[in-house]
Amino acid sequence: MAAYDADVGVVGVGTVGAMTCWQLARRGASVVGFEQFAPGHDRAGAGGESRLFRTAYLEGAQYVPLLLAAQRLWRELEAETGHDLLTLNGGLMIGAPDGELLTSVRASIHEHDLPHRELDHDEASATYPQHRLRPGEAMILDEQAGFLRPELAVTVAGWRAETLGARIVRHQPVLALEPDTDGVTVVTADRTWRVRELVLAAGAWSRRLLPHVVPPLAVQRLVMTWFPARDPAEFAVDRFPIFIRHSDGFDISGWPTLDATSVKVAVNYGYDQVPDPDLLDRTVDDRLLGVIRAAVAEQLPGLFPEPVRVGAYMDGYTSDHHAVVGPAPAVPHTFLACGFSGHGFKMSPAVGAAVADQVLEGGTTLPVAHLTPGRPLDDHGLGDLRTVMADLATPVGS
Ligand SMILES: Cc1cc2nc3c(=O)[nH]c(=O)nc-3n(C[C@H](O)[C@H](O)[C@H](O)COP(=O)(O)OP(=O)(O)OC[C@H]3O[C@@H](n4cnc5c(N)ncnc54)[C@H](O)[C@@H]3O)c2cc1C
């Protein structure tokens with residue numbers, strides 16, 4: 001009989017890999033996780049201090065039950081580790097009352113009867129004067145929204161998994177994966193490992209290890225910026241909910257101040273392809289900063305419009321912007337959990353639980369059917385992505 005190093009190997013102990021290790025170890029499985037850096041690092045999907053948590057989900061009402069399950073699991077991870085990871089201070093969705101953003105959020109609210117408040121222009125301006133609204137703009141307050149602490153969450157999920165018996169191999173990139181009918185061989189620089197089942201949760205790198213199995217992923221760079229507040233008390237957790245605002249064709253999102261000095265703002269300016277995730281460019285060009293500065297100066301007058309900190313991170317995007325979670329089609333003993341397309345952090349403990357169910361029980365009652373790897377996914381549109389800098393460099397009028 002073949003000797004196995006573990007029941008389950010998890011490749012990538014980042015956001016989803018750490019949660020999967022925790023969930024597998026919690027169920028008593030023997031687990032080995034492989035991480036090229038160390039859980040909690042900030043070089044890929046989980047860096048940058050905070051992540052939005054929302055339940056009135058603009059990406060689709062079908063996510064709401066998964067997000068409510070995630071909310072319960074975040075609280076369980078907090079209870080098991082003694083760390084504050086999720087703060088629910090509300091979330092403002094800002095835009096035209098009948099625009100795409102507020103309409104999508106309303107659909108989730110109505111389908112799942114979520115706690116919320118609609119604020120018209122005048123009430124919104126009076127209640128949240130930190131936002132300078134344009135005529136006609138309104139807000140919806142998602143009362144079950146807030147923010148997560150990503151580096152800490154991944155660190156403590158990995159640590160909790162180890163406390164429950166998992167082994168995490170740090171600073172060891174997996175070089176190759178060889179699935180066969182009895183299990184999967186995992187190759188690292190020092191040795192080979194044998195596991196009965198394998199979960200591939202390698203984020204932006206996922207396609208590199210199984211290029212014919214993982215659907216096409218575009219690796220996109222996302223930039224975050226921190227702007228000092230003129231009066232930090234105005235942007236404190238209890239006065240300034242997280243927000244997403246849609247105007248001029250792009251989304252801007254923000255968080256309350258976590259250091260009593262600066263407010264983090266992220267502008268989703270479209271596309272910014274990373275040709276090689278090993279070579280993520282972490283510098284932020286002044287022309288791109290100009291776009292972000294202008295948005296902050298207009299929309300958030302209580303911030304000095306000059307960032308004191310910038311950061312660049314990345315995530316893998318599928319062509320339909322929904323993740324890939326489940327057994328790899330036609331490949332034995334292999335499960336995929338990747339392609340979280342810029343919105344996977346909040347749901348990660350529930351995804352980890354779903355994957356643990358699938359690996360150990362052969363299926364899950366958690367609502368992840370819409371994320372099945374078997375759905376049609378192609379590279380339609382992904383090949384056309386350019387870097388945002390190329391776009392900014394294009395002369396106006398050309
Ligand atoms: C700037 C930014 C802001 C975001 N904002 C939000 C938000 O507000 N709310 C939200 O819900 N989501 C948000 N997201 C999305 C969310 O953070 C990601 O979807 C999620 O972190 C992806 O998790 P992952 O496990 O797939 O990838 P990662 O967390 O990147 O983990 C993958 C891991 O695999 C490891 N790895 C890769 N290859 C190998 C190998 N060969 N051997 C060993 N290890 C390997 C990597 O080192 C990494 O640790 C944001 C993403 C970014 C980048």
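In this predicted model, a polar side-chain atom of Asp315 lies 2.6 Å from an oxygen atom of the ligand. Two backbones make polar contacts as well. A backbone N or O atom of Phe345 sits 3.0 Å from a ligand oxygen atom. For His343, the distance from a polar backbone atom to an oxygen atom of the ligand is 3.4 Å. How much of the ligand's own accessible area does the protein cover? Of 1,000 Å², the protein covers 97%.

Now look at the surrounding shell. It holds 33 residues. Glu35, His41, Leu52, Asp315 and Lys346 are the closest. By type, the shell divides into 18 nonpolar, eleven polar and four charged residues.

Where do these residues come from? Helix H1 (15-26) and strands E3 (51-53), E13 (218-228) and E17 (309-317) each supply at least two. E17 gives the most, with three residues. Two domains take part: domain 1 (6-47 + 151-217 + 320-371) and domain 2 (88-146 + 218-317) each contribute at least three residues to the shell.

Next, the backbone. Two residues other than glycine have a positive phi: Ser341, near 50°, and Ala260, near 60°. Ser341 is in the loop between strand E19 (334-338) and helix H8 (348-361). Ala260 lies in the loop that joins strand E15 (250-254) and strand E16 (262-268).

Is each one buried or exposed? Ser341 has a relative accessible area of 5%, so it is buried. Ala260 counts as exposed because its relative accessibility is 54%, and the cut-off for exposed is over 50%.

Conventions: Residues are numbered from 1 along each chain as its sequence is written. This is a predicted model: local features need pLDDT of at least 70, side-chain atom pairs count only at pLDDT 80 or more; totals for chains, interfaces and linings use all residues. Side-chain values use heavy atoms; hydrogens and water are left out. Helices (H or I, at least four residues) and strands (E, at least two) are DSSP runs, numbered from the N terminus. Buried means under 20% relative accessible area, exposed over 50%, partly exposed in between (1.4 Å probe, protein chains only). A residue is near a molecule or strand if one of its heavy atoms lies within 4 Å of it. A polar contact is a pair of N or O atoms within 3.5 Å; within protein, one must be able to donate a hydrogen and the other to accept it, and residues adjacent in sequence count only if both atoms are side-chain atoms. Accessible areas come from the Shrake-Rupley method with a 1.4 Å probe; for residues, only the protein chains shown count as cover. Ala, Val, Leu, Ile, Met, Phe, Trp, Tyr, Cys and Pro count as nonpolar, Asp, Glu, Lys and Arg as charged, and the others, Gly among them, as polar. Domain bounds come from an automatic or database domain assignment.
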